[in-house]
Amino acid sequence: MQLAKIDLNLFIVFEVIYREGNLTRAARILNITQPAVSNALSRLRNSLDDPLFERHGDRMKPTAFAENLIGPVRESLWLLNNGLMSKSHFDPRETRKVIRISMSDLSSALLMPALLPVLREQAPGIVLETRHIPQDEVAENLTSFYLDFSIQSPQVMDQRLQNQLLLSNDYVCMVRKDHPALHQKMTLDVYLTLNHIHTSSRPKGPGHIDLALNRIGKKRKIAARLQNYLVAPELVKVTDLALTVPRKLAANFDLATLELPFNVSEKALHLYWSTAKEEDPANQWLRQLIIDTAATV
C-alpha cells in the first residue's frame with residue numbers, strides 16, 4: 001500500500017469519527033455535512049480495504065484494524081500540529097475559544113477563585129468549562145483533545161501526557177469558633193469523638209483522611225458525606241460537625257482550625273496536558289497562567 005495514493009485529509013476525518021463515535025457529531029466538529037463525512041469514510045475504507053467502523057445503534061464501533069491504526073494516525077497528526085503551532089502567533093486578548101479543564105470539587109475550590117478573575121482580565125474571549133472526568137478516562141480525553149488540561153492527584157501514568165506539580169498542602173481540622181473542642185487539647189482521642197463531614201467526589205469508599213487513620217488502626221465517625229467542598233464549611237458554621245481539609249482551603253473560611261494529632265500525607269495536585277500540545281502557544285500560555293496562579297493560592 002502506497003501512502004502517496006491516499007488522501008491524507010481522510011485521516012483527520014478518521015480520527016474525529018474514532019473520537020466521537022458518531023458521524024453527525026464528527027460532521028459538526030469538522031464543520032462539514034454528514035454526507036461529506038460519510039463520503040470521506042467510504043473513500044478511506046476503499047483505500048485501506050477495511051470497514052474501519054461498524055454501526056452499533058447510534059455508535060460507530062472501530063474494527064480491530066482501526067484500533068491498531070488510531071495510535072499512529074494521532075501521533076502523526078500531533079507531530080504535524082506541533083510543527084505548525086511552533087510558528088503560530090497567540091494573542092490571549094484576541095483569542096476566542098472554549099477551554100475544558102477536568103478538576104475535582106476540591107481543585108475548583110482551591111484554584112478557581114484566583115484563576116478566573118485573572119483569565120477574564122487577560123483573555124476575556126476564553127470560555128472556561130470545568131468538569132470532573134474519572135481518573136481512568138483522563139489520558140484518553142487529553143490525547144483526543146476533548147480536554148485541554150486536567151488537575152488531579154499524581155496518579156495518572158501515561159507517556160502521552162506531561163505534568164507538573166501545582167500545589168502541595170497539609171491538612172487541618174475546621175470547627176465553628178465556639179466549638180467545645182477548642183477548650184481542650186486536640187488529641188487523637190478527642191478527634192475521634194467528633195462527628196465529621198467527609199467530602200469526596202466519589203459516592204463511596206474511604207478518603208485521604210480515613211486511609212491515614214486506617215494505617216494506625218483507627219476510624220472516625222462520619223455524620224455526613226458531601227461532594228461539595230464549598231457547602232461543607234457552611235454546615236460547620238451552624239453545627240458541631242468537624243471538617244478536615246487542606247490548609248490553603250481552610251484559610252478561605254471564617255472558622256477555627258485545629259492541627260491534626262496524627263500524620264497525614266500532603267495533598268498534591270498536578271497539572272496534566274497532552275504531549276501533543278507541548279509546543280502549542282495557546283496551551284503554553286494557559287498552563288503557565290494556571291501554574292503562576294496556583295503559586296499565589
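# Reading a predicted model, from surface to core

Modeller: The accessible surface of the protein comes to about 15,800 Å², and 51% of that area belongs to carbon and sulfur atoms. Please keep in mind throughout that this is a predicted model.

Colleague: How many of the residues count as buried, and how many helices and strands does the protein have?

Modeller: Of the 297 residues of the protein, 46% count as buried, and the chain forms 11 helices and 12 strands. The radius of gyration is 24 Å, well over the 19 Å that the globule rule gives for 297 residues, so the protein is more spread out than a compact globule. Along its principal axes, the C-alpha trace spans about 80 × 40 × 30 Å.

Colleague: What share of the contacts with a separation of 6 or more comes from residues 24 or more positions apart?

Modeller: Such residues account for 75% of those contacts in the protein. One pair to look up is leucine 79 and alanine 276, which are 197 residues apart along the chain while their C-alpha atoms are separated by 6.9 Å. Leucine 79 lies in helix α4, residues 64–85, and at 58% relative accessibility it counts as exposed, because the cut-off for that word is over 50%.

Colleague: Let us turn to the sheet; in what order do its strands stand, and which of them are at the edges?

Modeller: As a general idea, the strands of a sheet pair through backbone hydrogen bonds, either parallel or antiparallel. Here 5 strands form an open sheet in the order β4-β3-β5-β12-β6, with mixed pairing. The edges are taken by β4 (126–131) and β6 (161–169), each of which has a single partner strand, so one side of each is left without a neighbour in the sheet. From one strand to the next, the twist averages 20 degrees.

Colleague: Which way do β3 and β12 run relative to β5, and which residues are bridge partners?

Modeller: Strand β3 runs parallel to β5 and is joined to it by 3 bridges, with isoleucine 151 in β5 as the bridge partner of methionine 103. Strand β12 (residues 267–274) runs antiparallel to β5 (residues 149–152), and 3 bridges join these two strands. Isoleucine 151 has leucine 271 in β12 as its bridge partner, while the partner of serine 150 in β12 is tyrosine 272.

Colleague: Which side chains of β5 point one way and which the other, and are they buried or exposed?

Modeller: Phe149 and Ile151 point one way from β5, whereas Ser150 and Gln152 point the other way, and all are buried. Helix α5 lies across β3 (97–103), β4, β5, β6 and β12, and it runs at about 180 degrees to β4.

Colleague: Which residues of the largest nonpolar core touch the most other members?

Modeller: That core has 39 residues, and the ones that touch the most other members are Ile101, Phe149, Ile151, Leu166, Leu249, Leu271 and Ile290. Its largest share, 7 residues, comes from helix α5, residues 105–122. Apart from this core lies another one, of 23 residues, with Val16, Ala40, Ala66 and Leu69 among them.

Colleague: What is leucine 271 in contact with, leaving aside its neighbours within four places in sequence?

Modeller: Its contacts include Phe149, Ser150 and Ile151, and also Gln162, Asn163, Gln164 and Leu166, together with Arg287, Ile290 and Ile291.

Colleague: Finally, I would like to read the loops; where are the residues with a positive phi found?

Modeller: As a general idea, most residues other than glycine have a negative phi. Asparagine 31, with phi near 60 degrees, has a positive value, and this residue is found in the loop between α2 (23–30) and α3 (34–48). Aspartate 49 also has a positive value, near 55 degrees, and is found in the loop between α3 and β1 (53–56). Asparagine 31 counts as exposed at 71% relative accessibility, and aspartate 49 counts as exposed at 70%.

Colleague: Is threonine 63 buried or exposed?

Modeller: Threonine 63, in the loop between β2 (59–62) and α4, counts as buried at 10% relative accessibility. Leaving aside neighbours within four places in sequence, threonine 63 is in contact with Asp50, Pro51, Leu52, Phe53 and Glu54.

How values were computed:
Residues are numbered from 1 along each chain as its sequence is written. Side-chain values use heavy atoms; hydrogens and water are left out. A nonpolar core is a set of buried Ala, Val, Leu, Ile, Met, Phe, Trp, Tyr and Cys residues joined through side-chain atoms within 4.5 Å. Buried means under 20% relative accessible area, exposed over 50%, partly exposed in between (1.4 Å probe, protein chains only). Helices (H or I, at least four residues) and strands (E, at least two) are DSSP runs, numbered from the N terminus. Contact means heavy atoms within 4.5 Å. Two strands pair if DSSP finds at least two bridges between them. Axes are lines fitted to C-alpha atoms, for helices over the stretch in contact, and angles run from 0 to 180 degrees between N-to-C directions. The radius of gyration is taken over C-alpha atoms; the globule rule is 2.2 Å times the number of residues to the power 0.38. Accessible areas come from the Shrake-Rupley method with a 1.4 Å probe; for residues, only the protein chains shown count as cover.
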